[in-house]
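Open the model in your viewer and get ready to select residues by number. We will go from stop to stop, with a short note on what you should find at each one.

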Amino acid sequence: MLPPFRFAWECLKAAFARVRAAPGRSLFVGFAYFALALGFQWIASIRLWHNKLSVILAVLLCQGLLGILIIGLARFFLTLADGGSPRWLELLDGFRAPWKIMAGTLFGWLIGTFVLFLLVFLGRDPIAFLLVLGVLPLVLFWPFLVADGAASQAVDTFLVSFRFGISRYPQALAVAVVIVGLVEIGAVLVVGTLVSIPLCYTMAAVAYRSFATEWR
């Protein structure tokens, strides 16, 4: 096994090569996901909701849908990372089985709750950033495990993801650090987000495939 940041660097190079080989599809998917995420955020924040219950339901619906869509993104970029030509229908992989719908919904809710907790209680405190980095390796490969069929029950996916991340934590943490850095750079450049989304997903997919080969 390569040293953590050497491993992350190799994953990043492989991801860049895969995205460069299919730039049109990769960038389009990155744009579509970015637009959907902004759209869901707008829906959850508009003033059509007249009471707290309707606001909560709108947020839960949007977070759940994002969680399900993340599974499709994982399937799409996993195919790309494997050197294949991903099909558009793979983006709907999260809707193909009831347990995937449930798993994606729970994932969206958990991530949304975690982020809300950090914003409310810690804000921009450096501790919040460290918490995100510490937890990210444990959930980073969750959508790929679901998309790859490594688990077949909604609750089991989280347990498998935890064990998966722990088993290769130093390397997974290095990958997470690079991904967070790419996301931050993309956010600063705005347009760069459209590039960082496919690059980050493909990098995580490359790392997942490498881990999965040894883990199994």
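Begin with the aromatic rings: a search of the whole structure finds 13 aromatic pairs. Rings of Phe, Tyr and Trp (its six-membered ring) pair if their centres lie within 6.5 Å; planes under 30 degrees apart count as stacked, over 60 as edge-to-face and the rest as tilted. Select Tyr-33 and Tyr-201, which form an edge-to-face pair with 6.3 Å centre to centre and 70 degrees between the planes. This pair links distant parts of the chain, with Tyr-33 in helix H2 (residues 23-45) and Tyr-201 in helix H9 (residues 192-215), 168 residues apart. Tyr-33 counts as buried at 17% relative accessibility, and Tyr-201 counts as buried at 15%. Here buried means under 20% relative accessible area, exposed over 50%, and partly exposed in between (1.4 Å probe, protein chains only).

Next, select Phe-144 and Tyr-208. Their rings form a stacked pair, 6.0 Å centre to centre with 20 degrees between the planes. Phe-144 lies in helix H6 (residues 142-147) and Tyr-208 in helix H9, so the pair ties together parts that are 64 residues apart in sequence. Phe-144 is buried, with a relative accessible area of 1%, and Tyr-208 is buried too, at 0%. Now add Phe-7, Phe-141, Phe-164 and Phe-211 to your selection: ring pairs link these with Phe-144 and Tyr-208 into a cluster.

A word on what you are viewing. This is a predicted model in which local features need pLDDT of at least 70 and side-chain atom pairs count only at pLDDT 80 or more, while totals for chains, interfaces and linings use all residues. Residues are numbered from 1 along each chain as its sequence is written, and side-chain values use heavy atoms, with hydrogens and water left out.

Zoom out and switch to a cartoon view. How many helices and strands does the protein chain have? The secondary structure comes to 9 helices and 0 strands, and the pattern along the sequence reads α-α-α-α-α-α-α-α-α. Helices (H or I, at least four residues) and strands (E, at least two) are DSSP runs, numbered from the N terminus. Of the 216 residues of the protein chain, 43% count as buried. Residues 24 or more positions apart account for 74% of the contacts (heavy atoms within 4.5 Å) in the protein chain with a separation of 6 or more. Show the surface, and you are looking at about 11,600 Å² exposed by the protein chain, 73% of it supplied by carbon and sulfur atoms. Accessible areas come from the Shrake-Rupley method with a 1.4 Å probe; for residues, only the protein chains shown count as cover.

Now pick out helix H8, residues 169-189. At 1.5 Å a residue, its 21 residues should span 30 Å, and the end C-alpha atoms are 30 Å apart, which agrees. That expected span is 1.5 Å times one less than the number of residues. Colour the buried residues of H8, among them Ala-172, Val-175, Ile-179 and Leu-182.

Turn to the charged side chains. The whole structure holds 7 salt bridges, each a side-chain nitrogen of Lys or Arg within 4 Å of a carboxyl oxygen of Asp or Glu. Select Glu-10 and Arg-6, which form one with the closest N and O atoms 3.2 Å apart. Both lie in helix H1 (residues 4-21), 4 residues apart, about one turn of the helix. An α-helix has 3.6 residues a turn, so residues three or four places apart point the same way. Glu-10 is partly exposed at 27% relative accessible area, as is Arg-6 at 45%. Add Lys-13 to see a network of salt bridges linking Arg-6, Glu-10 and Lys-13.

Move on to Glu-90 and Arg-75, whose side chains meet in a salt bridge (3.8 Å, N to O). Glu-90 lies in the loop between helix H3 (52-81) and helix H4 (98-121) and Arg-75 in helix H3, so the pair ties together parts that are 15 residues apart in sequence. Are these two buried or exposed? Glu-90 is buried at 8%, and Arg-75 counts as buried at 15%.

Finish with the cysteines. The search finds 0 disulfides, a disulfide being a pair of cysteine sulfur atoms within 2.5 Å. Select Cys-11, buried at 3% relative accessibility, and then Cys-62, buried at 6%.
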